[in-house]
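I opened this entry to keep a record of what I looked up, going from one strand pair outward to the chains and their contact.

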Amino acid sequence: MPIFRERDYLRVDLEREPDESLWMKCKACGELVFKRRVRENNNVCPSCGEYFFLTAVERVGLLVDAGSFQDVTRAIVADDPLGFSDRKAYPERVADAQANTGLRDAILVGRAAISGLPVVIGVMDFRFIGGSMGSVVGEQICHGIETAIEDRCPFVLVSSSGGARLQEGLFSLLQMAKTVSVRARLAEAALPFVSVMTYPTSGGVQASIASLGDVIIAERGALIGFAGRRVIQSAMAQELPDDFQSDAFAFEHGAIDRVVGRDGMRDELASLLSFFVEAR
Amino acid sequence: MSDEQTLDLLEAKIEELRHLDATDGIDLSKEIEKLETKLEELRHELYANLGDWERVRLARHPKRPYALDYIDAVFTDFYELHGDRIGGDDRALVAGLARLDGRPVAIVGQQKGRSTAENKERFFGMPRPQGYRKGQRAMRLAERFGFPVITLIDTPGAYPGLESEESNIGGAIAESLATMVGLRVPIVAVVIGEGGSGGALAIGLADRVLMLENAIYTVISPESAAVILWKEKERMKDAAEALNLTADHLLELGLIDGVIPEPLGGAHKDFDRTAAALKEELAARLDELAAIEPDTLLDVRYRRYREVGRYRDASPESE
């Protein structure tokens, strides 16, 4: 049940009608495709199979049982502890992102069921300042984990993040330590944490909470890594393989357990989570 | 000529006069005194009100003391440990046992190189996964035998390269943090130079976090922030200011516990004094922490990190 029913823009409306402004061009194959068709296809290009971003709300709709999602995202919004301003003042950047996404910040947290199994799920939204983790995202992840401990159920985090929220400086960096601290409590409570990495899971998110899943599953097409390709190329003048930081790269080098297509993710989570239900 | 070079030149001149004074029996004490006053004034002018960007420069100063310099000066009997027991030994991160006033401790620190050859070996103080894994070995060892852990942070960041990503640098940083969350002995972290992003924080989760006066600690380098946020690489001074990356700013923001003073002009200007100040501070902090039961220590550490962050209430009642 949404706690903030007065504030429409803060609510998660899974039934929201998509923008049906007709056609879009696939960034991968260049084909003009009907937007509605793309959406019905879980934001996968019907022509070539390229994965487009899912918003947090779309992702929730894709992963959890219909009608089971209960938004427990805390009623908090970004502060501006440094009075940060680059080409735009940080509060303005946040306000714009809120207006564009209908979200408070770059993550939604809720109680839900996956094939009938209760979970707490956190889902990040890349559209909100690159899914970056500042104080709010850090706090929401911790809140999600604590809710899972309260409910004695698994925690699932679907990451889509470029890393730390630069505009909050060291406060953002320390969210890595914060989320890792709370994650340890989930382990002490013997509750599973499934980390789902999507395009992209990088920087401070990949170097903290997302890499500490009991099981780590990548969505096909995910980008997984710490330092960005351009950073590495400029700092090290190093040739990088084409598949650098791809799902296959992460898999081949042992950073993740499995790679799963978007369509199969719900069943994947259900099969995995069922082990832990039986164990208890 | 840079301001620092002017100061160095003036210093050399005074030395020269002192030498003349001593050897030739000419009384130059008045002149020397005058020059010394001038030198002090200049130094004060230059360093007393350093801008944030100037501090970034000082934190990266080629003469700045590095981890092993402090390890030699502050501790005794350093016994270095090597290897991650998986794939190698990363020389960008040093780890080992030592004594502080006779008390055994474990030390983990990033080590920059001073020459090109050294930097080839030390990767400019940028650890790869095996470095962080070696660091965790030292921490676990300390935990087993009840030694406190001291970390010395000085890195531009974790090593950004292909091999680093191949052996999951992000995962290694996360694991290092997870180890520190649950470590049942006191941890004191000191940023001695550059505290660069996740690569620095990876050994920075601690019960006390201290910074040398001219050290910096930041989520991103000012140069990268300028490119990413301002889209102009020349804006690094603005970025340095906006990021609040200096010790005094971070103390004010409540993100660190203390600032260790440096001599005017930086730690390298009087290394012995800096090392003595670091030693005094470390001893005091370790005394403080030694009195705390491990369970309480972990609880307090947990709360410190659980609560870090600033956000605003947005519930309808509060509006």
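**Notebook: strands, chains and contact**

I began with a single pairing and noted that B:Thr76 has B:Arg99 in β2(B) as its bridge partner. Before going on I wrote down that this is a predicted model, in which local features need pLDDT of at least 70 and side-chain atom pairs count only at pLDDT 80 or more, while totals for chains, interfaces and linings use all residues. Residues are numbered from 1 along each chain as its sequence is written, and chains are lettered from A and ligands numbered from 1 in the order in which they are written.

**Strands of chain B**

I then looked up the strands around that bridge: β1(B) is joined to β2 of chain B, residues 93-100, by 4 bridges, and the two run antiparallel; strands count as paired if DSSP finds at least two bridges between them. How many of the 6 residues of β1, residues 76-81 of chain B, are buried? The count is 0, and the strand is hardly covered; here buried means 20 or more other C-beta atoms within 10 Å of the residue's own, exposed means 12 or fewer, and partly exposed lies in between, with C-beta atoms placed from the backbone.

**Chain B as a whole**

For chain B I counted 14 helices and 9 strands, taking both as DSSP runs numbered from the N terminus, with H or I and at least four residues for helices, and E and at least two for strands. Its radius of gyration is 22 Å, which agrees with the value near 20 Å that a compact globule of 319 residues would have; the radius is taken over C-alpha atoms, and the globule rule is 2.2 Å times the number of residues to the power 0.38. The C-alpha atoms of chain B fill a box of roughly 70 × 55 × 40 Å along the principal axes, and buried residues make up 46% of its 319 residues.

I also noted the division of chain B into domain 1 (3-49) and domain 2 (55-306), bounds that come from an automatic or database domain assignment. The centres of these two domains, taken over C-alpha atoms, are separated by 36 Å.

**Chain A**

Chain A has 9 helices and 11 strands. Its radius of gyration of 18 Å is close to the 19 Å from the globule rule for 280 residues, so chain A is as compact as a globular protein of that length. I recorded a C-alpha trace spanning about 50 × 45 × 45 Å along the principal axes of chain A, with 50% of its 280 residues buried.

**Where the chains meet**

The contact takes 54 residues from chain A and 46 residues from chain B, where two residues are in contact if their C-beta atoms, placed from the backbone, lie within 7 Å. Which element gives the most to the side of chain A that touches chain B? I found α5(A), with 14 residues. Across the chains, β4(A) pairs with β9 of chain B, residues 311-313, in the antiparallel sense over 3 bridges, and A:Val77 has B:Arg312 in β9(B) as its bridge partner.

Last, I looked up B:Leu177, which, leaving out residues up to four places away in sequence, touches A:Met176, A:Ala177, A:Val180, A:Ser208, B:Ala202 and B:Leu205.
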